[in-house]
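Got your viewer ready? Let's take a walk through this model, one selection at a time.

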Amino acid sequence: MINIVLFGKPGAGKGTQAEFLKGKYNLTHLSTGDIFRFNIKNNTPLGLEAKTYIDRGDLVPDSLTINMLEDEVEKNPHSDGFLFDGFPRTLAQAGALDLFLASKNQKITATIALEADDEILVQRLLERGKTSGRIDDQDEEKIRNRYQEYNEKTAPLMDYYKEQNKFYAVNGIGTIAEITERLSNVIENL
Ligand code: AP5
């Protein structure tokens with residue numbers, strides 16, 4: 001089993017790269033953002049609660065997010081591992097994930113960050129906002145708030161994984177194929 005956390009700022013390309021990596025390494029891709037959006041679209045109680053946070057560009061509270069993620073892991077046990085995209089995003093989530101995986105005799109194998117400058121990423125998200133219907137992409141204030149949330153709550157996770165020698169970073173600028181190759185090089189050397 002390999003369990004990978006795909007890490008990076010909003011718009012860094014986590015979801016795009018996960019689409020390629022999941023098939024290549026037979027991993028179950030779990031994107032907390034996608035799962036929230038599915039719940040919002042289907043008007044579930046979870047979706048209704050999460051929507052107020054997501055539309056502002058705030059993180060959804062840990063308790064909701066951790067329970068949701070653990071349910072999804074339980075539903076998808078038949079693969080060579082998990083590709084976590086957008087989770088964990090806080091130290092509390094990282095600790096909960098470690099405990100949860102340990103209860104299944106598993107652990108995080110590696111956290112791989114896609115690195116890129118904020119300004120490039122903000123432009124990517126504004127561009128996507130013109131056509132995607134994602135409310136959190138539609139104005140610069142919400143996008144900037146997502147970066148503030150990242151800097152305050154998610155960036156400290158880099159040290160958490162560095163201390164465990166599980167942190168790798170790749171350049172997130174280039175063609176999608178080039179970046180897939182960089183990520184694949186890390187995964188194949190684990
Ligand atoms: P989430 O859906 O995870 O959004 P995000 O991380 O803010 O950003 P994206 O998904 O937009 O970025 P990405 O890195 O996946 O890039 P992508 O491949 O899409 O979360 C949304 C919200 O849900 C959060 O704000 C929060 O409210 C909530 N949430 C989710 N998880 C949570 C958690 N764990 N705890 C609490 N709350 C949580 O690409 C972006 C764009 O760039 C696309 O248009 C793509 O086509 C383009 N692109 C990709 N690669 C390249 C490239 N190489 N060159 C040029 N363009 C590229």
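**First stop: R128**

Start by selecting R128, which sits in helix α6. Keep in mind as you go that this is a predicted model. Is R128 buried, partly exposed or exposed? It counts as partly exposed, because it has 14 C-beta neighbours inside 10 Å. Leave out residues up to four places away in sequence, and R128 touches R134 and D137.

**Next: the other annotated positions**

R128 also turns up in the UniProt record: for "binding site", an unreviewed entry lists G11, A12, G13, K14, G15, T16, R128 and G174. From that set, pick K14, which lies in helix α1. K14 is buried, because 24 other C-beta atoms fall within 10 Å and the cut-off for buried is 20 or more. Now show its contacts, skipping neighbours within four places in sequence: you should find L6, G8, D85, G86 and L114.

**Around the ligand**

Bring up the ligand and the 28 residues around it. Which of them come nearest? Those are P10, G15, T16, G33 and G86. Colour the shell by class and you get 10 nonpolar, 11 polar and seven charged residues. Then switch to cartoon and highlight α1 (14-24), α2 (32-41), α3 (45-56), α6 (118-132) and α9 (176-188), each of which supplies at least two residues of that shell.

**Over to I143**

Go to helix α7, residues 140-154, and select I143 there. I143 is buried, since 22 other C-beta atoms are within 10 Å. With residues up to four places away in sequence set aside, I143 touches P10, G57, V122, L125, L126 and D137. P10 is familiar from the ligand stop, being among the nearest residues there, and D137 is also touched by R128. For a distance check, draw a line between the C-alpha atoms of I143 and N185: the two residues are 42 apart along the chain, and the atoms are separated by 31 Å.

**Last stop: the cores**

In soluble globular proteins, nonpolar side chains tend to be buried together. Here, the largest nonpolar core has 32 residues, and those with the most contacts inside it are I4, V5, L6, L83, F84, I112 and V170. Zoom in on L83: beyond its neighbours within four places in sequence, it is in contact with I4, L6, A18, L21, K22, L27, T28 and H29. Finish by selecting I35, F36, A50 and I54, which are included in a second, separate core of five residues.

Technical notes: Residues numbered from 1 in each chain as written. Predicted model: local features only at pLDDT ≥ 70, side-chain atom pairs only at ≥ 80, totals over all residues. Core = buried A, V, L, I, M, F, W, Y, C linked by C-beta atoms within 7 Å. Buried ≥ 20, exposed ≤ 12 C-beta atoms within 10 Å, placed from the backbone. Contact = placed C-beta atoms within 7 Å. Near = placed C-beta within 6 Å. Helix = DSSP H or I, 4+ residues; strand = E, 2+ residues; numbered from the N terminus. Nonpolar A, V, L, I, M, F, W, Y, C, P; charged D, E, K, R; others polar. UniProt positions renumbered as here; feature names shortened; annotations may be inferred.
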